[in-house]
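The following exercises are to be worked with the sequence and the coordinates at hand. Each task is followed by a solution in steps.

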Amino acid sequence: MGKNESDQLQLGEAARLVQEHGAEGARALVRREHRPLVAIAAEVLADDAQRIGISYAGFCVTSLPHKALEDGASWLRKGPPLTLLVEPGTLVDSNGAIRHLGVPYGARARMILLYLQTHAVRSRSREVELGASLNAWLKRLGFSSGGETRAGMREQAARIAACRLQLAWHRETDAGRIAGGFLTGSLSFARPAPDGQGMLWQERVVLDEAFYAALTHHPVPLQEAALRALRDRSMSLDLYVWLAYRLHSLTAPLPIRWAALHGQFGAGYAKLFQFKPRLLEALSAALAAYPGARVEVELQGLVLHPSSPPVAAALVLGHRFSPTAPLSGSD
């Protein structure tokens with residue numbers, strides 16, 4: 001594809017161009033507005049470290065909001081076979097004042113939760129070490145140490161720690177519910193870092209027992225380089241983890257209608273015609289970060305095709321946890 005051959009970059013085309021022409025060659029072949037997709041694909045394809053991130057499979061079919069909700073509002077999302085309810089919590093400060101916190105939202109909340117899930121599965125423990133390690137991880141994923149980033153991370157951490165969480169399933173054969181939170185206790189910045197660069201987090205946190213049990217039964221391996229490349233794109237992160245969960249388990253093409261996609265990913269978009277362009281934009285970035293994904297756009301929606309997982313099975317086994325188990329009503 002030359003510069004003048006098409007005004008649009010086809011889904012998944014960025015990764016192919018990088019593979020065939022290299023990063024600089026691919027940049028020269030696309031329009032300026034498509035160069036961020038080339039940069040995402042180049043970053044993922046150049047990943048030599050092959051570090052793995054982890055998400056609970058339930059967050060591959062449901063997700064947090066992309067933007068802040070109204071004060072006091074709860075968050076309800078349905079992604080068969082699960083329904084997710086997140087209720088805002090409160091925080092009592094050192095002066096005894098009560099602060100009402102909202103539901104966690106956006107890319108930063110997702111990245112903090114991905115860190116907690118990743119390290120809990122790696123260590124096979126509900127207790128997750130923080131301290132300098134979370135700062136190092138955030139830096140590795142490309143987050144700056146500036147004041148605005150620290151303030152945003154601090155806010156999302158407080159919301160994650162304080163909120164109440166319910167995951168429910170309803171099937172013909174059974175029904176069940178997980179209730180609790182993400183964490184037992186707080187999650188906060190603790191003290192200035194010795195080098196003066198930002199703040200350290202408290203030494204450790206403990207994942208809620210029910211949430212940890214669900215996570216260890218259903219871990220979804222993700223490529224850390226892809227998370228880094230999508231770190232500021234909350235809908236693209238949601239689409240990436242959804243595809244990571246769905247595509248490798250398919251045995252035949254699976255059509256997904258626009259209405260179903262709107263119901264799963266389109267919170268904040270009242271009309272389908274407003275949502276579709278936003279979804280396609282976010283999907284383009286997700287597919288640039290997942291070169292092996294095979295997804296087509298049709299008049300009625302998307303068609304998912306059987307694809308290799310984003311993380312090779314050998315790497316997953318090398319980290320000593322089982323590949324994704326299908327979600328069910330028993331855990």
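**Exercise 1. Aromatic pairs**

In this predicted model, the count of aromatic pairs comes to eight. Task: classify the ring pair of Phe59 and Phe211, and state which parts of the chain the pair ties together.

Solution. Step 1: a pair of aromatic rings is described by the distance of the centres and the angle of the planes. Step 2: the ring centres of Phe59 and Phe211 are 5.9 Å apart, and the planes stand at 45°. Step 3: planes under 30 degrees apart count as stacked and over 60 as edge-to-face; with its 45°, the pair of Phe59 and Phe211 is therefore tilted. Step 4: Phe59 belongs to helix 3 (residues 58–61) and Phe211 to helix 7 (residues 209–217), so the pair links parts 152 residues apart in sequence. Step 5: both Phe59 and Phe211 are buried. Together with Tyr56 and Phe182, these two residues form one aromatic cluster.

Task: repeat the analysis for Tyr240 and Tyr290.

Solution. Step 1: the centres of the Tyr240 and Tyr290 rings lie 5.9 Å apart, with 75° between the planes, and the pair is edge-to-face. Step 2: Tyr240 is in helix 9, while Tyr290 is in the loop between helix 11 (272–288) and strand 15 (294–298), so the pair ties together parts that are 50 residues apart in sequence. Step 3: Tyr240 and Tyr290 are both buried.

**Exercise 2. Packing of two helices**

Task: describe how helix 9 packs with helix 10.

Solution. Step 1: helix 9 spans residues 234–246 and helix 10 residues 258–265; their angle is about 115° and their axes are 12 Å apart. Step 2: the crossing of helix 9 past helix 10 is right-handed. Step 3: helix 9 contributes Met235, Asp238, Leu239 and Trp242 to the contact, and helix 10 contributes Leu261, Gln264 and Phe265. Step 4: sorted by class, the contact holds five nonpolar residues, one polar and one charged.

**Exercise 3. Cysteines**

Task: state how many disulfides the structure holds, and whether Cys60 and Cys163 are buried or exposed.

Solution. Step 1: the search of the whole structure returns zero disulfides. Step 2: the cut-off for buried is under 20% relative accessible area. Step 3: Cys60, at 1% relative accessibility, is therefore buried. Step 4: Cys163, at 4%, counts as buried too.

**Exercise 4. Positive phi**

Task: characterise the backbone and the exposure of Gln50 and Arg124.

Solution. Step 1: most residues other than glycine have a negative phi. Step 2: Gln50 has a positive phi, near 55°, and sits in the loop between helix 2 (35–45) and strand 1 (52–56). Step 3: with a relative accessible area of 29%, Gln50 is partly exposed. Step 4: Arg124 has a positive phi of about 55° in the loop between helix 4 (106–123) and strand 6. Step 5: Arg124 counts as exposed because its relative accessibility is 53%.

**Exercise 5. A contact distant in sequence**

Task: which residues does Glu127 touch, not counting those up to four places away in sequence?

Solution. Step 1: Glu127 lies in strand 6 (residues 127–129) and, at 38% relative accessibility, is partly exposed. Step 2: Glu127 touches Arg204, Val205 and Val206. Step 3: Glu127 and Val205 are 78 residues apart in sequence, yet their C-alpha atoms are 5.7 Å apart.

Methods. Residues are numbered from 1 along each chain as its sequence is written. This is a predicted model: local features need pLDDT of at least 70, side-chain atom pairs count only at pLDDT 80 or more; totals for chains, interfaces and linings use all residues. Side-chain values use heavy atoms; hydrogens and water are left out. Axes are lines fitted to C-alpha atoms, for helices over the stretch in contact, and angles run from 0 to 180 degrees between N-to-C directions. Helices (H or I, at least four residues) and strands (E, at least two) are DSSP runs, numbered from the N terminus. A crossing is left-handed if the near helix is turned anticlockwise from the far one by less than a right angle, and right-handed if clockwise. Contact means heavy atoms within 4.5 Å. Ala, Val, Leu, Ile, Met, Phe, Trp, Tyr, Cys and Pro count as nonpolar, Asp, Glu, Lys and Arg as charged, and the others, Gly among them, as polar. A disulfide is a pair of cysteine sulfur atoms within 2.5 Å. Buried means under 20% relative accessible area, exposed over 50%, partly exposed in between (1.4 Å probe, protein chains only). Rings of Phe, Tyr and Trp (its six-membered ring) pair if their centres lie within 6.5 Å; planes under 30 degrees apart count as stacked, over 60 as edge-to-face and the rest as tilted.
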